[in-house]
Amino acid sequence: MPTLISVIVTTYNREDALDAVLRGLGRQTDRDFDVVVADDGSGSATRALVDSWKSRLGRPLAHVWHEDHGFRAAEIRNRAILACQGEYCVFLDGDCIPRPDFVTTHRRLAEPGWFVTGNRVLLMPGLTERVLRDQLEPEAWDLGPWIAQRWGGGINRLPPVLRLPLGPLRRLRARAWRGARSCNIGIWRSDLERVDGFDAAFSGWGREDSDLLVRLLRAGVCRKDGVFATGVLHLWHPEADRSFLPENERKLDAAVRGERVRALRGLSALGPPGINHVQFGEPARSRGSEMPGRAVS
């Protein structure tokens, strides 16, 4: 098992959702992790929010930022990888609230030679509005409220909030890259370095996560399913601008048909950490162990 996990949270100008995500990370039962907010060009309000959490999260918290030149999730995630402290990276979107056992479960499923793909339940617009407006804490709900929400149309499906011990069934899709998303995925840092991280040649929304998984599989890293274990709570947002998707589909198709393992513009293109804005906060001493933005998912 990894000794220290780094949770990398991608965000862009959506402070209310990010606040809920950081709240969820603050109540994790496993405390051996740090957090890096990978900020794809947000304004000063996001930086202020992250700064406000540094004294109360209870874990080291960093803010990695670059200028807003459109959707560049691949590049900002790479910058966050360079800034993180852990040997195992769990990627989480800034509109996906983790439940208290999120880090614990990713740690339990982590295994050398494998990456872990999680899933998510989508909160519908009405429930999302109530969660953010009334500061509800759905990450603490037990099964009963989720069944009620599914019956009432508040969520799109129930399985991501269920827990099932799948055992060897988690390895059935060991060589499959389809159906996985970087909003909830755990990867050893050494494996990320082997493939040179995400490929910043992908700009605009879509397919940079699939490209990473294709290259990880080609490098000999296998897929392990985190379904019925790691599900996160995805807050609703308007659909992202998909004007770059056809070009990104073309790049992904070339990656699938080719033999390349390393990114065209990956970690090695950025150099050492220290870029633009990187700040770590100290864990809170008292805790002990205890406007819509551009969509990033």
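The paragraphs below lead through this predicted model, from its strands to a loop, its cysteines and one helix.

Because the model is predicted, local features need pLDDT of at least 70 and side-chain atom pairs count only at pLDDT 80 or more, while totals for chains, interfaces and linings use all residues. Residues are numbered from 1 along each chain as its sequence is written, and side-chain values use heavy atoms, with hydrogens and water left out.

A good place to begin is strand 8, which spans residues 184-188. Helices (H or I, at least four residues) and strands (E, at least two) are DSSP runs, numbered from the N terminus. Five of the five residues of strand 8 are buried, so the strand is largely enclosed by the rest of the structure; buried means under 20% relative accessible area, exposed over 50%, and partly exposed in between, with a 1.4 Å probe and protein chains only. Both of its faces are covered, with Asn184, Gly186 and Trp188 buried on one side and Ile185 and Ile187 buried on the other.

Strands of a sheet pair through backbone hydrogen bonds, either parallel or antiparallel. Two strands are taken to pair here if DSSP finds at least two bridges between them. Strand 8 pairs in the antiparallel sense with strand 4 (residues 88-93) over five bridges, and cysteine 89 stands opposite isoleucine 187 of strand 8. Strand 8 also pairs in the antiparallel sense with strand 6 (residues 114-117), over two bridges, where threonine 117 has isoleucine 185 as its bridge partner.

Elsewhere, an open sheet of three strands has the order 5-10-7, with mixed pairing. Strand 5 (96-97) and strand 7 (120-122) stand at its edges, each with a single partner strand, so one side of each is left without a neighbour in the sheet. Strand 5 and strand 10 (residues 232-234) pair in the antiparallel sense over two bridges, and the bridge partner of cysteine 96 in strand 10 is histidine 234.

Cysteine 96 also enters the question of disulfides, a disulfide being counted when a pair of cysteine sulfur atoms lies within 2.5 Å. By this rule the count is zero. The cysteine sulfur closest to that of cysteine 183 belongs to cysteine 96, but at 4.5 Å it is too far for a bond, and cysteine 183 is buried at a relative accessible area of 5%. For cysteine 222, buried at 17% relative accessibility, the closest cysteine sulfur is in cysteine 89, 19 Å away and again too far for a bond.

The loop between strand 2 (33-39) and helix 2 (44-53) holds aspartate 40, which is buried with a relative accessible area of 1%. The side chain of aspartate 40 reaches the backbone nitrogen of arginine 72 at 2.9 Å. Glycine 41 lies in this loop between strand 2 and helix 2 and is buried as well, at 10%. Its C-alpha atom is separated by 8.2 Å from that of glycine 70, although the two residues are 29 residues apart along the chain.

Helix 9 (residues 245-257) has 13 residues and reaches 18 Å from its first C-alpha to its last, close to the 18 Å expected at 1.5 Å a residue. Its buried residues are Leu245, Asn248, Leu252 and Ala255. They cover an arc of only 80° around the axis, which puts them on the same side of helix 9; the arc is that of the directions from the helix axis to the C-beta atoms. These buried residues pack against helix 8 (208-218), contact meaning heavy atoms within 4.5 Å, whereas the face turned away from the buried side carries the exposed residues Pro246 and Arg257.

Note on methods. Polar contact = N/O pair within 3.5 Å; in protein donor to acceptor, adjacent residues only side chain to side chain. Expected span 1.5 Å × (residues − 1).
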